Amino acid sequence: KNGYFVPVRDSFGRISGMQIRFDDLPDNATAEQKESYHKYAWFSSSEKDTGCSISGCENIHYAGDWYKTPKQVNLTEGVLKADIAAALSNSPFIGLVGVNNLSNLCFELMQLKDRGTEKINICIDMDYRDKKEVASALDNIKEIIEKAGLEYTLVTWPEQYKGIDDFLLARKNLKE
């Protein structure tokens, strides 16, 4: 299958896992291909062509400049989205490996708080307004941030841009 690798990095910039971002299916894909298609999979040395499970891998990705722990950190869903948003905004991001994959979030946030972070800017996709599962995940994220003893702000943008990366790219293109 065609695609490219997306490294998942820890807070020290080390690659702790690797996702594969598969190319989109062609318009003439069969029903069977559409049924089994996944946009992302975890890289594995196994013989599985669909990747491996996330167990044993980091599920929080650090994107941007982390040489000094910032007072404010942006949080979004997705490794690639965090990389793009960090590059376009020149701001540090943490990316959840899936909006509902929150098992290590509290621990990571407490580590950031101990190192000087005070506030989390939540930059979850705008479809939280339409999708119950994303809205529920957002509520869980807020609760975890509060449990970690941090403040948060929900960042929003025009709904025609699904993710923070889409919005930042559109804003950059308007300036050029």
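Which residues are linked with Lys81 in a network of salt bridges? In this predicted model, the partners are Asp125 and Lys162. Of the two, aspartate 125 is the buried one, at 2% relative accessibility, while lysine 162 comes out as partly exposed at 44%. Their side chains meet in a salt bridge with an N to O distance of 3.7 Å. This pair ties together distant parts of the chain, with the two positions 37 residues apart in sequence numbering. Aspartate 125 sits in the loop between strand 7 (119-122) and helix 4, and lysine 162 in the loop between strand 8 (151-154) and helix 5.

The network residues turn up again in the pocket search. The largest pocket has a volume of about 590 Å³. Its lining takes in 22 residues, and those closest to the centre are Tyr40, Glu77, Lys81, Asp125 and Lys162. As for secondary structure, strand 2 (15-22), helix 2 (79-89), helix 4 (132-147) and helix 5 each give two or more residues to that lining. Helix 2 makes the largest contribution, with 4 residues. Sorted by class, the lining holds 11 charged residues, 8 nonpolar ones and 3 polar ones.

Lysine 81 also comes up in the surroundings of aspartate 165, a residue of helix 5 (residues 164-175). Aspartate 165 is buried but makes no salt bridge. Lysine 81 carries the nearest side chain of opposite charge, and it is 4.3 Å away. Why does a lysine at 4.3 Å leave aspartate 165 without a salt bridge? The cut-off is 4 Å between side-chain nitrogen and carboxyl oxygen, so a separation of 4.3 Å does not qualify. The two residues do touch, though: beyond its sequence neighbours up to four places away, aspartate 165 touches Lys81, Ile84, Ala85 and Leu88.

Across the whole structure, the search finds 7 salt bridges. One of the pairs is arginine 14 with aspartate 10, whose side chains meet at 2.8 Å, N to O. Aspartate 10 counts as buried because its relative accessibility is 11%, under the 20% limit. Another pair joins arginine 21 to aspartate 24, at 3.5 Å, N to O. Here the two ends fall into opposite classes: arginine 21 is buried, at 13% relative accessible area, whereas aspartate 24 is exposed, at 53%.

A second pocket deserves a look too. The second largest has a volume of about 210 Å³. Its lining is made up of 11 residues, with Lys1, Phe22, Leu25, Gln33 and Tyr37 lying nearest the centre. What is the make-up of this lining by class? The split is 5 polar, 3 nonpolar and 3 charged residues.

Tyr37, one of the residues nearest the centre of that second pocket, is also a contact of aspartate 23. Aspartate 23 is placed in the loop between strand 2 and helix 1 (31-36). At 36% relative accessible area, aspartate 23 is partly exposed. With neighbours within four places in sequence set aside, its contacts are Asn2, Gly3 and Tyr37. Between aspartate 23 and histidine 38, the C-alpha to C-alpha distance is 9.7 Å, for a separation of 15 residues in sequence.

Is leucine 105 buried or exposed? With a relative accessible area of 0%, leucine 105 is buried. This residue belongs to helix 3 (residues 105-114). Its contacts, apart from neighbours within four places in sequence, are Ile60, Leu75, Ile94, Leu96, Ile141 and Ile144. Of these, isoleucine 94 lies 11 residues away in sequence, and the C-alpha to C-alpha distance between leucine 105 and isoleucine 94 is 9.8 Å.

Asparagine 90 is worth a note for its backbone. Its phi is near 55°, a positive value in a residue other than glycine. Asparagine 90 is found in the loop between helix 2 and strand 6 (93-96). Asparagine 90 is also exposed, because its relative accessible area of 73% is over the 50% limit.

How values were computed. Residues are numbered from 1 along each chain as its sequence is written. This is a predicted model: local features need pLDDT of at least 70, side-chain atom pairs count only at pLDDT 80 or more; totals for chains, interfaces and linings use all residues. Side-chain values use heavy atoms; hydrogens and water are left out. Buried means under 20% relative accessible area, exposed over 50%, partly exposed in between (1.4 Å probe, protein chains only). Lys and Arg count as positive and Asp and Glu as negative; His and the chain ends are not counted. Contact means heavy atoms within 4.5 Å. On a 1 Å grid over the protein atoms alone, a cavity is a set of points where a 1.4 Å probe fits but cannot get out, and a pocket is an open set with protein on both sides within 12 Å along at least five of seven lines; lining residues have an atom within 4 Å of a point. Grid points are joined across faces, edges and corners, and a volume is the space filled by probe spheres set on the points. Ala, Val, Leu, Ile, Met, Phe, Trp, Tyr, Cys and Pro count as nonpolar, Asp, Glu, Lys and Arg as charged, and the others, Gly among them, as polar.
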